[in-house]
Amino acid sequence: MTTDLQSVVEDIRACRACAGVLPHTPRPVVWVSPQTRLLICGQAPGRRVHESGRPFTDPSGDRLRDWMGVDYDAFYGDPRIGVAAQAFCYPGTAPKGGDYPPPPRCAELWRPRLLEALPAVELTLLVGGYAQAWALGDRAKTNMTETVRAWRDYGPAILPLPHPSWRNTAWLRRNPWFEAEVVPHLKERVRALRERTDP
């Protein structure tokens with residue numbers, strides 16, 4: 001890693017700003033390199049990711065990799081693919097199921113500094129409504145569905161996606177246009193990005 005990126009990643013991994021607020025010891029998860037061209041921005045690690053220390057080591061990751069057209073080894077072994085969620089620590093599980101939202105404090109503390117240290121990023125996947133709201137601001141539509149439906153408006157640098165959680169299986173059935181239109185575009189972008197040989 002370059003010094004600036006190495007420094008910010010080390011600082012993120014050492015962050016304990018939410019100690020005493022989270023229901024567990026903070027374990028920030030960030031997966032980037034100086035070669036990162038494709039940055040995946042989800043909302044926050046889930047319980048399995050908190051335990052593994054690697055992003056998307058869960059069924060959501062399996063579905064995301066399928067959408068991207070990459071296998072497990074490529075996802076973790078290609079330095080051009082990076083993951084930096086809105087919040088780097090697992091926020092805990094809500095009483096009614098599902099995880100708590102990512103605390104805004106994390107993105108405020110770290111996101112501008114991290115993005116500045118990743119100048120090679122060409123495509124950012126905004127996975128889920130929280131990531132879309134933070135990154136797009138007023139450009140986001142009224143809800144996640146409408147933001148993803150308007151995916152062409154945000155290219156070529158940004159592609160909004162639904163969260164690949166199993167909880168969104170019904171959403172995928174109700175919105176077949178996503179897998180018919182957006183997924184092929186995503187696979188082509190990932191393939192082209194990974195096949196390029198320039199620095």
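Leaving out residues up to four places away in sequence, P102 is in contact with Q43, A44, Q86, A87 and Y130. That's a handy spot to start a tour of this predicted model. One of those partners, A44, sits 58 residues from P102 in sequence, yet the two C-alphas are 5.7 Å apart in space. P102 itself belongs to the loop between β2 (81-83) and α5 (104-116). Is P102 buried or exposed? Its relative accessibility is 11%, and because the cut-off for buried is under 20%, P102 counts as buried.

**Along α5**

Step past that loop and you reach α5, a helix of 13 residues. From its first C-alpha to its last, α5 reaches 19 Å, close to the 18 Å expected at 1.5 Å a residue. Where does α5 have its kink? Look at W110: a kink of about 40° lies there, shortly before the proline P112. W110 is also one of the buried residues of α5, along with C106, A107, R111 and L114. A bit of helix geometry helps here. An α-helix has 3.6 residues a turn, so residues three or four places apart point the same way. Keep α5 in mind, as the helix turns up again among the empty spaces.

**Pockets and a cavity**

Rolling a probe the size of a water molecule over the atoms shows where empty space is left. Here are the main spaces and their linings, by class.

| Space | Volume | Lining by class |
|---|---|---|
| Largest pocket | about 810 Å³ | 18 nonpolar, eleven polar, five charged |
| Second largest pocket | about 150 Å³ | eight nonpolar, two polar, one charged |
| Largest cavity | about 120 Å³ | 14 nonpolar, no polar, two charged |

Let's take the largest pocket, which is lined by 34 residues. Which of them lie nearest its centre? Those are G46, S60, D99, H163 and S165. The elements giving two or more residues to this lining are α2 (47-52), α3 (59-68) and α6 (129-136). The largest share, three residues, comes from α2.

Next comes the second largest pocket, and here α5 is back. β1 (38-41), α5, β3 (123-127) and α6 each supply at least two residues of this lining. Among the lining residues are L39, C41, V121, T124, L126, W134 and I158. R111 is in this lining too, and you've already met R111 as a buried residue of α5. Q86 is another residue that lines the second largest pocket, and Q86 is also one of the contacts of P102.

Then there's the closed space. How many cavities of 30 Å³ or more are there? The count comes to one. Its lining is made up of 16 residues, and the closest to its centre are C15, C18, F88, C89 and C106. α5 gives the largest share of the lining of this cavity, four residues. C106, so close to the cavity centre, is another of the buried residues in α5.

**A last stop at N175**

The tour ends in another loop. N175 is found between α8 (169-174) and α9 (176-195). Which residues does N175 touch, not counting those up to four places away in sequence? They are T145 and R149. N175 has a relative accessibility of 7%, which means that N175 counts as buried.

Notes: Residues are numbered from 1 along each chain as its sequence is written. This is a predicted model: local features need pLDDT of at least 70, side-chain atom pairs count only at pLDDT 80 or more; totals for chains, interfaces and linings use all residues. Side-chain values use heavy atoms; hydrogens and water are left out. Buried means under 20% relative accessible area, exposed over 50%, partly exposed in between (1.4 Å probe, protein chains only). Contact means heavy atoms within 4.5 Å. The expected span of a helix is 1.5 Å times one less than its number of residues. The bend at a residue is the angle between axes fitted to the seven residues ending there and the seven starting there. On a 1 Å grid over the protein atoms alone, a cavity is a set of points where a 1.4 Å probe fits but cannot get out, and a pocket is an open set with protein on both sides within 12 Å along at least five of seven lines; lining residues have an atom within 4 Å of a point. Grid points are joined across faces, edges and corners, and a volume is the space filled by probe spheres set on the points. Ala, Val, Leu, Ile, Met, Phe, Trp, Tyr, Cys and Pro count as nonpolar, Asp, Glu, Lys and Arg as charged, and the others, Gly among them, as polar.
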